[in-house]
There are 2 protein chains.
Amino acid sequence: MASIEQGAVQNRLLRALRPEAFEMLQPTLERVGLPLRSFQVEANQKTGHVYFLESGLGSVVARTGDDETIEIGHVGFEGLSGAHCILRLDTTPNQTFMQVGGEGIRAPVAALHRLMDEHSPSRDLFLHYVHCCELQLAHSTLANGRYNIGERLARWLLMCHDRLRLDDMPLTHEGLAQMLGVRRSGVTEHLHILEGALAIKATRGTVHIRDRAKLLEMAGGCYGTPEREYSRLIGAL
Amino acid sequence: MASIEQGAVQNRLLRALRPEAFEMLQPTLERVGLPLRSFQVEANQKTGHVYFLESGLGSVVARTGDDETIEIGHVGFEGLSGAHCILRLDTTPNQTFMQVGGEGIRAPVAALHRLMDEHSPSRDLFLHYVHCCELQLAHSTLANGRYNIGERLARWLLMCHDRLRLDDMPLTHEGLAQMLGVRRSGVTEHLHILEGALAIKATRGTVHIRDRAKLLEMAGGCYGTPEREYSRLIGAL
DNA sequence: AACAGGTTGGTCGAAACCGTACAGGAGTGA
DNA sequence: TCACTCCTGTACGGTTTCGACCAACCTGTT
């Protein structure tokens, strides 16, 4: 296995590590493929590795007692899956899987903990990342409670666009509906509205971002705060 | 100021500390009153103390760019306000204030950090608490996205009941509406339904819990997961 | 060329929820 | 006692979203 150099890494958390910290982690790192619908974290099962995404999109999903589900977190090259490990937990009731396939770099949880124990700037970096996730989640709560489908959809597409860095995003209406927790045909309808405003172009299995500014406008105040906090604390994407 | 003894403390986090850890914190602790609507955390302003609640109920609220707000967290004697400090941040865009007045014990943030640095079981305790907050928040997202007002109201009353340990809870329809992010009259209507089911009795300014089991039933799967995780990780209430 | 499976477009009535408004009651202070 | 404020009950029309459906369509496989 070729060794992994910090300069060649896409993941923003790995990049944000100081070189000496990266060196500590480096021997334990391993590049892995992350195919569509593969799981990085299963509910209530011990998590052995954290996955620093290089490409693709991961979704963290929560489930209630009566099997309702919704997306509660979004992971791309700006983050990692398995954030509960940062909080010294080996299990969580939530699950994480790839919504859009990609690849990543994984590290054993023990190596992450060693780094956090021995290097406080790195510890703070990861803790701050947890805070960003929490903020993102807070704004999902806000979005679900106070905004309509059109605004939430625009927000979701923006968040996805941030993470995939592709104008052609491989997404289906059905997938979007599951993430947003709404009806599939509701998504279809609102995609048409966004398309009518020339913000996007939707074709079978893909959503093409045509005018990001327009999309921002249509998301209202629903998008933004967590993103600003991320760039303040961890760095611009 | 009389010194504070661990045995006499109501707060579950302070109680869960090992005695030697409590001793480290003890000289910095200070009992304070927490009147209705007082703020413990202001948005984007430096937080000097964390507040371990002894009684009353705190609400963490998020706000979007266009001034929509919603409750994203609930704090009572089981937790503390200022959880972002555990993540080594001195500010957060969210705010925390007392929804029901009470009292608490505050500690300087620096003392909290010292304890977390020098005593890893305490560090883990606080990190686990952050995880519980995150989980609670995740389920608020889920509730707002997938459950109707009646179920969300029942969930909120249960969470409040857990934290206040009072059957007569001082709450107004207006206050509930703001927390849930719905119309005031929607709350009135659903309180009547809960009352019709003999789960509660609502009088001016108070909601009386009459049949908690009934309330659990009416909340559906909307309530429970975060609470179970709290008792697993930190201890039964 | 036919087929199967996944994806999209669209419809229907029903239900939930909203914004707004107003009136009456309960508590509070002058 | 009166005036005032806060809280609660209730109503209205209008909008959003749901649940359930079906038809059409695209894409790769047989």
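**Figure 1. The residues around DNA strand D in this predicted model.** Start with the surroundings of DNA strand D, where 16 residues gather. Coming nearest are A:N148 and A:V182 from one chain, plus B:T172, B:H173 and B:S185 from the other. As for secondary structure, the elements giving two or more residues to this surface are α7 of chain A along with α6 (173-180) and α7 of chain B. Which of the elements gives the most to the surface near DNA strand D? That would be α7(B), with 4 residues. Sorted by class, the surface near DNA strand D splits into 3 nonpolar, 8 polar and 5 charged residues.

**Figure 2. The residues around DNA strand C.** Over at DNA strand C, there are 15 surrounding residues. The closest ones are A:T172, A:H173 and A:S185 on chain A, and B:N148 and B:V182 on chain B. Here α6 (173-180) and α7 (184-196) of chain A, plus α7 (184-196) of chain B, each chip in at least two residues. The largest share of this surface comes from α7(A), which puts in 3 residues. The class tally for the surface near DNA strand C reads 2 nonpolar, 9 polar and 4 charged.

**Figure 3. How chain A and chain B are related.** Turn chain A by 180°, with 0.0 Å of shift along the axis, and it lands on chain B with an RMSD of 0.0 Å. The two copies are therefore related as by a two-fold rotation axis. Which residue of chain A comes closest to the rotation axis? Look for A:T141, whose C-alpha sits at 2.1 Å from it.

**Figure 4. The contact between chain A and chain B.** Each side gets its own count here: 36 residues from chain A and 36 residues from chain B. On the chain A side, β5 (69-75), α4 (120-146) and α9 (225-233) each supply at least two residues. The largest share of that side comes from α4(A), with 16 residues. By class, the side of chain A that touches chain B has 13 nonpolar, 16 polar and 7 charged residues. Why can we say that the copies meet through the same surface? Because 100% of the interface residues of chain A are also interface residues in chain B.

**Figure 5. V130 in the largest nonpolar core.** The largest nonpolar core has 146 residues, and the members touching the most others are A:V130 and B:V130. Zoom in on B:V130 and skip its neighbours within four places in sequence: what's left in contact is A:L87 and A:V130 from chain A, together with B:A83, B:I86 and B:L87 from chain B. As a bit of background, nonpolar side chains tend to be buried together in soluble globular proteins.

**Figure 6. Strand β3 of chain A and its two partners.** Is β3(A) (residues 49-53) largely enclosed or largely open? It is largely enclosed by the rest of the structure, because 5 of its 5 residues are buried. Both faces are covered: A:H49, A:Y51 and A:L53 are buried on one side, and A:V50 and A:F52 are buried on the other. One partner is β8(A) (residues 102-108), which pairs with β3(A) in the antiparallel sense over 5 bridges. In that pairing, A:H49 stands opposite A:P108. Another partner is β6(A) (residues 80-81), also antiparallel, with 2 bridges. There, A:F52 has A:L80 as its bridge partner.

**Figure 7. The open three-stranded sheet of chain A.** The order in this sheet is β9-β11-β10, and the pairing is antiparallel. The edge strands are β9 (168-169) and β10 (200-203), each pairing on one side only. Between β9(A) and β11(A) (residues 206-209) there are 2 bridges, and A:M169 is partnered by A:V207. Between β10(A) and β11(A) there are 4 bridges, with A:A202 also having A:V207 as its bridge partner. The hairpin of β10(A) and β11(A) has 2 residues between the strands, and A:G205 takes a positive phi near 80°. Side chains alternate along β11(A): A:V207 and A:I209 point to one face and are buried, whereas A:T206 and A:H208 point to the other and are not.

Note on methods: Residues numbered from 1 in each chain as written. Chains lettered and ligands numbered in written order. Predicted model: local features only at pLDDT ≥ 70, side-chain atom pairs only at ≥ 80, totals over all residues. Buried ≥ 20, exposed ≤ 12 C-beta atoms within 10 Å, placed from the backbone. Pairing = 2+ DSSP bridges. Near = placed C-beta within 6 Å. Nonpolar A, V, L, I, M, F, W, Y, C, P; charged D, E, K, R; others polar. Least-squares fit on C-alpha atoms with pLDDT ≥ 70 in both. Contact = placed C-beta atoms within 7 Å. Core = buried A, V, L, I, M, F, W, Y, C linked by C-beta atoms within 7 Å.
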